[in-house]
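Visitor: I'd like to see how the labels on a model like this get decided. Can you take me through some, with the cut-offs?

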Amino acid sequence: MARPFLLLRILSCIALAVAFDITGKVSWNDICPSATILGQAKASLDEGVFTGGITVNGQFTIPDVPEGTYLLSIISHDFAFDQLRIDITNSSLPKVRPYIPGTPMNPPSSILLPYPIVLSAKEKADYFVPPERFNLAGMFANPMMLLMVGVGVMMLAMPYLIKNMDPEALEELKEKQAKMGSIQSAFQSGDIKAGLSSIMAAAEEQTASNSTPTQANRGGSRTRGNKKTKR
Amino acid sequence: MRFITTAVTLISLCIGTWAIHESDVGVVDWHKHLVGVPLYGSTSTAPTFNFIGNRSLIFFGTSSNVIAALDPEDGSVVWRYIFGPEDPVTGYYKLDNTVTTLSGPGGSTLRNFNALTGELLLEKRLHLPQLGALSTPISLGKHVISSPESKDLFILTNGCTVTSLNGTTGEVNWKWTSPDQGSLIIHTKLISTPEALFAVGIAKSTATYTIHVTSISPTTGEVIHSANIPSRVEDPFTEFTILTRPELTKPIVLWLEKGTIGHVALTPTLKEKPRPIQGDVYSQFLDVGLTNHGQAVLLREDGSSAVLKLSEEGRLAKSKWEFQYSLASTRNADYSYAGGVDTLGHPYVARVHWSSNLGKGLADVFAGHLASGEGHSNDFSFQFDPQTYGTIKHVALDAESSQSTINSRILVTTSTGAVQLWDQHQLKWSREEALATVTLAEFVEVPEVASASDVAASEGFVSRVSRQISEAQDFPQYLVNFVKRFVTGSYASPTSSLGPTTTNSTEGIIRDAFGFRQIIVAATGLGLGKVYGIDSSNGNIVWSRVLGLGWAGEVGGHVQPLKLYVTKTVSDGGDPEVVLVAQRRADNSLVDTVLFHINALTGSDITLRSKDNFPLEGYDVIQGPLVESFLLNAEKKFLVFFDEYLQAYLYPDTQETKSIFAGVAPSLSFPLRTTVEDRKRVIGHQIAVSKDHHKSLAHPTWSLALPLGEEVQTLVPQIRGPIASIGKVLGNRTTLYKYLNPRLFTVLTAAPARAMCGIYVLDSMKGTVVYHAEVKANLRGCNVKTNFVENWLVYHYFEGEVGSGTAGGAKGYRMVSVEFFEGQKVDEKTKSSEISSFSNDTINYHFYESAFIFPYDISALTTTSTKFGITTKDLIVATKNHRVQSFSRHFLNPRRPNRKTTAEEQEEYLITYDPVLPNDPKRVLSHNYDVAKTVKIVTAPALLESTSLVLSFGLDMFLTRVAPSNTFDVLSENFNKAQLVFTVSGLLLAILITGPMVKRKSLREKWYHS
């Protein structure tokens, strides 16, 4: 009961004060070309006590609006419109300004839009997402897939690579693999000490082998050929 | 459990939003496009058949404040226009190719629609709504006619003002208001002739009414003459009518004076003398919408009736067509009369009634122009079902004739809100418009299909072995089928259609793989007295029952559903059951509380009071109004009711339920709203169990006194459901424990004097105010919508200025999100869900709150609900622009920081606070559907944890499925079974080919090394 009473009371105050009919137009554009496509829509001030239906030619009239500052929005099922700030004063025509949701009403924007209001649809709601389809090219573009393919190729190609290596390089490779294997097995068996020592040993060897080329360099060009064969 | 929760959260955040595919429309959702129950009480809103060009349409106004146009061929809605709540439609007037409506107090707003498409051509306010005179019936004192020569409209509003305006531009030509401003004379009708416009009305004189006519110049609006017709009419609604014909210049006013017809022809100067027609005595005129074609129905005291005809020369025809008086039906009210006009402009009158002797509906259709003006009638019967649809309340007629045969179809509106089109004896279509008035609805799970191998346990050894051997014969067949299914079959997907329902009478309705097929039990409001069982997978009505009136059937009355409880679910064994609690208001003003105990699968009466084909008979639980009722779920489910004296009633009232009730009653508490010494209060009650045969009584324990002038609007209970996690682990490995007090409820208040609205969250045991906020009221008063689930409160309101009128703040709709947590800071735990409400720790909590700018006005909101409560709860709202939309919980998190997020916050997936909530059209669940005037949204879990069913009702009914955290528990939609089978078989092939090769190679290697 309280609600209609309040409304009536406020409206009766309005009756005494000045009231203004706000008129405007929805101009058809590519997004919303006609009233049939727009469907039933309304122009509404604030929470929708003052409204006006949008007619077939896009025109709307919000009747008997009292003085004040209002937010005009177009209520439509499918289309998004800009909101506008409307100031109705006693003296002049209503002032129309753009309004961005979430910003304070004051100070008002310095841009004044023409009156009668002209609005057009900004966006048509797109409710659907395209279904995800199985895509072979997309699957192969996946980095994981590329890695897997790479590994697969390596696996197949490995025996041939090894076969084509010269025996010395092969020896070295096998030696390294064996070392790595021993470190791994040491860690796996829980013998951390042995594992560490083997790492140390490997590191020592590394430094030793690193130092050899520097020494060899001093030796001159003869050793260079030698290094080549070693590597 | 914790792990699953975390996993779900992770998954939900990793994958983008869940949205619907265009191909899923109508598969995962359904939508009933409804218009509401026709308002048949007045001829200006009642259904009529109309011709626009060569197309026929049915127009009517409805109780849902809609003007609708239906296609008579299939009953589909061609167009509808929904009026606002302050703008009740008073009537529609079909003029030429347009439909004109008057709405609002006194007919303040005129709208003109294209009759074929429903496009709004013109909207014009005729007077301020607060200047409108209220009238009963609402259509009294309003009329619209068009000028025969021009595009001008003549509009009568408020019973005293006639406006002439241009029908296309809306420009006012002239306006005339009667000198007495409608205080003495109420004009009811306009009649237009080339010379004058007549405004005919009734003037109050001592004891009776006098007919008053004003003749106005149609071009200038000047009054030509104004006079009382010497007449004495007792009931202006039934004893007075005006007949005219399109070619006539002198309309005839008719009235009944002590049963005798008096009549006078109208001329601009009003000089004609009234004349009585001696002879028969009648009781009333019945307007069947043919007064402009010179026909009306006359009723006599004994129930017989005749058709009165105006001849082409403008004289009353000597003979009246007498409808055959049927002795089978003695009561006058059983007859419905209807008028219709064919494409050539010939009028027809039909009389329709239900014959209980024949068990059929009977219709007599009279065509006055046939048989060279003598008139001819034709009758037919139709198989109307009064057990399902109640009684025939209104009939609209569409007829055409060739030589001497009349082909007619009738549109029947029934007392249960169904609209049916009968083409002679054949039912063409039926619309259940009562679904537009649904006020209560609940989901009920349906049982699984009974497995054939469920054989009795008493089976002996020999019989079992023989049965198993006989079953083993089918094994090869089974194996083949299995392989076939494995290779080619598709898996059930949550977006796949459930296929045709297997609802034959023997099987009943059975559950699908994911539990999407449930029964929605829906009860209608408006006193239509109907309950429906609706299949949630496709929206088909599985069963429907009429609510019986019990003893009030003799005096008349109506049943208004109050609450709906699911008292037995599938997990309790047997068929699920629901109890509908309703208030029966008999026409002798006695109010009783009745309950209907219904089998949710079949609609049959559990109490066996009524047979399946008859109205449901209720059980009168309280001889008086209901104050509050609850479903108690302690050991056994039973209902507790409280009457005006706060006495407790149980249903079922057995020794067992009594003893359970006595055990749990001390721990129960409930709030009620009352007025004590002009102050509105919310008062908490507890129950004192009676030890003797008296009823247990509830007594007040606490009271929340509201400030003076503040009124309680509603008490909103908390939404209950399974709670999967009791806390929230933050990025820094601390935990916020949720404040899960099960006794919390929300109170919405309004303080009109201060233009403020209050939101309180109270503890029902102690009355502790856990949360209180005040927001501004708007011009419509307080229109706050709220929802409380687990520890999460949301409320929606309009932030504007009322009174002071400054525009400093940002106007717009707000959604406030509040989350309650235990203790004063992180890692404090009080076990709020378990502790006694008298513990000090119940007030040891803190909360976070944030307000967001919401894009729309809403009419209902709720959250999704799932089977275990693990999935994130999204907010579902019904917006005023006719959408049902979901909003992600993550955006509504009140802990969103006001700065750039830190690494820890990012780990929690917190996003920087932005006041504007993203409005993503992909989250519009109702997509292209126009879901209007939603009053409530109900959600229910499916068997899949990820998915929740969402039903919205109000005017339209809409159901869809949502997966707030995506469908993580089923195969993704792009899972390709063919590809999987192909890969596996490819690998198998590779093994088969390379196997011998490897074997050969290893053999060769052995040779080389040895």
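Guide: Sure, starting with the largest nonpolar core, which has 42 residues. The ones with the most contacts inside it are I58(B), L411(B), F443(B), I520(B), I534(B), L951(B) and M957(B). This is a predicted model, where local features need pLDDT of at least 70 and side-chain atom pairs count only at pLDDT 80 or more, while totals for chains, interfaces and linings use all residues. Residues are numbered from 1 along each chain as its sequence is written, chains are lettered from A and ligands numbered from 1 in the order written, and side-chain values use heavy atoms, without hydrogens and water.

Visitor: What makes a set of residues a nonpolar core?

Guide: The members must be buried Ala, Val, Leu, Ile, Met, Phe, Trp, Tyr or Cys residues, joined through side-chain atoms within 4.5 Å. Buried means under 20% relative accessible area, exposed means over 50%, and partly exposed is in between (1.4 Å probe, protein chains only). A second, separate core of 27 residues includes V49(A), L72(A), F81(A) and I88(A). In soluble globular proteins, nonpolar side chains tend to be buried together.

Visitor: Which residues is I520(B) in contact with, leaving aside its neighbours within four places in sequence?

Guide: Contact means heavy atoms within 4.5 Å. By that rule the partners of I520(B) include W30(B), F443(B), Y532(B), I534(B), L951(B) and L959(B).

Visitor: Why is the pair K250(B) and E272(B) called a salt bridge?

Guide: A salt bridge needs a side-chain nitrogen of Lys or Arg within 4 Å of a carboxyl oxygen of Asp or Glu. The closest N and O atoms of K250(B) and E272(B) are 3.5 Å apart, so the pair passes. K250(B) lies in the loop between strand 18 (240-243) and strand 19 (252-257) of chain B and E272(B) in the loop between strand 20 (260-265) and strand 21 (275-277), so the pair ties together parts that are 22 residues apart in sequence. Helices (H or I, at least four residues) and strands (E, at least two) are DSSP runs, numbered from the N terminus.

Visitor: Are K250(B) and E272(B) buried or exposed?

Guide: Neither label fits: K250(B) has a relative accessible area of 38% and E272(B) has 30%, so both count as partly exposed.

Visitor: What makes E790(B) and K738(B) buried?

Guide: Their values fall under the limit, so the label applies: 10% for E790(B) and 13% for K738(B). They also form a salt bridge, with the closest N and O atoms 2.9 Å apart. E790(B) sits in the loop between strand 54 (785-789) and strand 55 (792-799) and K738(B) in the loop between strand 50 (735-737) and strand 51 (744-751) of chain B, so parts 52 residues apart in sequence are tied together.

Visitor: How do you know that D857(B) and K880(B) form a salt bridge?

Guide: Their closest N and O atoms are 3.3 Å apart, which is inside the limit. Here the labels split: D857(B) is buried at 11%, while K880(B) is partly exposed at 37%. The structure holds 43 salt bridges over all chains.

Visitor: How many salt bridges are counted between chain A and chain B?

Guide: Three. In one between those chains, the side chains of K811(B) and D46(A) meet at 2.5 Å, N to O. As for contacts, 49 residues of chain A touch 53 residues of chain B.

Visitor: What is the area buried between chain A and chain B?

Guide: About 4,400 Å², with carbon and sulfur atoms giving 57%. Buried area is the accessible area (1.4 Å probe) that two parts lose on being put together, summed over both. In chain A, E47(A), H77(A) and F128(A) lose the most area to chain B, together 18% of what that side buries.

Visitor: What is the peptide bond between Y115(A) and P116(A)?

Guide: It's cis, with omega about 0°, and P116(A) is in the loop between strand 8 (95-99) and strand 9 (117-119) of chain A. Another cis bond joins T136(B) and P137(B), with omega about -5°. Most residues other than glycine have a negative phi, and most peptide bonds are trans.

Visitor: What is the phi of A755(B)?

Guide: Positive, about 55°, although A755(B) is not a glycine. A755(B) is buried at 15%. K933(B) also has a positive phi, about 50°, and counts as partly exposed at 35%.
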